[in-house]
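Trainee: Please give me a close look at the main open space in this model and at the elements around it. I would like to follow one thread from there.

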Amino acid sequence: MAKKWMKFPHADKGYVYDDATLKKQWSRLHRGDCEPFPKDASVLAAWRHYHAGDFQQAVDAGNAAGGAGVNAAIKSQSIYANYLEKADAVKLALFEEAAAWAEKRRREAPKDANVHYLYAYAMGRYSQGISVVKALAQGFGGKIKDALTTALKLAPAHAEAHTAYGAYQAEVIDKVGSLVASMTYGAKRDTALEHYRTALKLHPDSAIARIEYANGLILFFGKEKLDEATKLYEQAAACKPADAMERLDVELARSELE
């Protein structure tokens with residue numbers, strides 16, 4: 001499909017990493033997704049574009065590199081679609097395409113924990129776009145759960161997968177109720193809350209972990225937990241972003257507090 005992309009609108013030179021600096025900062029930048037440092041220079045280049053917010057370049061470079069580079073392409077397209085694309089139809093098409101790349105990569109590299117998470121992320125955002133109820137009726141819930149549990153089995157320290165699994169359970173419970181969610185999808189409130197907390201322990205600098213945790217608290221408890229959720233949003237807004245994606249998360253939190 002033809003796509004019109006735009007660079008990260010608030011790009012900062014602080015997010016432009018050369019190879020040496022990117023290697024030095026890798027553990028911080030990828031604390032959330034456990035993506036290993038690339039051995040291939042072309043894959044590293046794709047991630048460099050991603051961190052700088054040049055998402056189209058990251059997609060092109062990642063797909064051209066192939067292999068582990070596809071992870072950079074999937075994440076770049078998904079982040080662009082989630083935060084920057086304005087047209088709903090285009091947003092859904094981008095998520096669907098990214099999920100297809102991830103599904104293919106999952107078959108080729110079944111022990112790659114991050115690609116299982118990336119598949120769940122793209123499918124999860126696609127599901128939200130078409131409505132969670134409709135997505136569950138089409139069987140997407142089981143696929144997302146399978147991808148997330150696989151990611152966590154392969155990489156128990158995958159903070160973003162913990163956050164996503166908490167959010168998945170919160171969304172399902174909110175839409176179908178606790179009993180059906182537990183019996184049909186294995187979604188439970190206490191389990192979701194534990195995954196949110198684990199994500200924050202694993203990645204204490206993460207804005208998105210706080211945002212999703214706050215959203216989950218509101219879904220589960222409503223006004224009863226509004227103060228706690230607001231505090232999490234305030235903490236997210238105060239986080240220091242290390243790349244373009246993290247800045248988008250911080251700006252999201254700030255916009256919600258306005």
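**The largest pocket and its surroundings**

Mentor: The largest pocket holds about 760 Å³ of space. Forty residues line this pocket, and those closest to its centre are Arg125, Gln128, Ala167, Glu171 and Glu212. This is a predicted model, in which local features need pLDDT of at least 70 and side-chain atom pairs count only at pLDDT 80 or more, while totals for chains, interfaces and linings use all residues. Residues are numbered from 1 along each chain as its sequence is written, and side-chain values use heavy atoms, with hydrogens and water left out.

A pocket here is an open set of points on a 1 Å grid over the protein atoms alone, with protein on both sides within 12 Å along at least five of seven lines; a cavity is a set where a 1.4 Å probe fits but cannot get out, and lining residues have an atom within 4 Å of a point. Points are joined across faces, edges and corners, and the volume is the space filled by probe spheres set on them.

Seven helices each supply at least two residues of the pocket lining: helix 4 (69-83), helix 6 (113-130), helix 7 (132-137), helix 8 (140-154), helix 9 (159-176), helix 12 (207-221) and helix 14 (244-257). Helices are DSSP runs (H or I, at least four residues), numbered from the N terminus. By class, the lining has 24 nonpolar, nine polar and seven charged residues; Ala, Val, Leu, Ile, Met, Phe, Trp, Tyr, Cys and Pro count as nonpolar, Asp, Glu, Lys and Arg as charged, and the others, Gly among them, as polar.

Let's follow helix 12. Its 15 residues reach 21 Å from first C-alpha to last, close to the 21 Å expected at 1.5 Å a residue, where the expected span is 1.5 Å times one less than the number of residues. Helix 12 is largely enclosed by the rest of the structure because 11 of its 15 residues are buried, meaning under 20% relative accessible area, with exposed over 50% and partly exposed in between (1.4 Å probe, protein chains only). The buried residues are Ala207, Ile208, Ala209, Arg210, Ile211, Glu212, Tyr213, Ala214, Gly216, Leu217 and Phe220. Glu212, one of the residues closest to the pocket centre, is thus on a list that also holds Arg210. Around these buried residues pack helix 4, helix 6, helix 9, helix 11 (189-202), helix 13 (226-237) and helix 14.

Helix 12 also leads us to a closed space. The structure holds one cavity of 30 Å³ or more, and the largest cavity has about 140 Å³ of space. It is lined by 20 residues, with Gly32, Glu160, His203, Met245 and Glu246 closest to its centre. Helix 2, helix 9, helix 12 and helix 14 each give at least two residues to that lining, which divides into eight nonpolar, six polar and six charged residues.

Glu246 takes us on to Pro241: leaving aside neighbours within four places in sequence, Pro241 is in contact (heavy atoms within 4.5 Å) with Tyr15, Glu246, Arg247 and Val250. Pro241 sits in the loop between helix 13 and helix 14 and is partly exposed, at 21% relative accessibility. Its C-alpha is 8.5 Å from that of Ser206, although the two are 35 residues apart in sequence.

Helix 2, another contributor to the cavity lining, covers residues 41-52; its 12 residues should span 16 Å, and its end C-alpha atoms are 17 Å apart, which agrees. Buried in helix 2 are Val43, Leu44, Ala45, Ala46, Trp47, Tyr50, His51 and Ala52. Their cover includes helix 1 (19-29), helix 3 (55-65), helix 4 and helix 14. Gly53, with a positive phi near 90°, follows helix 2. His51 also has a distant partner in sequence: Gly14 is 37 residues away along the chain, yet 10.0 Å away in space, C-alpha to C-alpha. Gly14 belongs to the segment before helix 1.

On the other side of helix 2, the loop from helix 1 holds Cys34. Most residues other than glycine have a negative phi, but phi of Cys34 is positive, near 60°. Cys34 is partly exposed, with a relative accessible area of 32%. Its sulfur is 18 Å from the closest cysteine sulfur, in Cys239, too far for a bond, and a disulfide needs two cysteine sulfur atoms within 2.5 Å. Cys239 is buried, at 11% relative accessible area.
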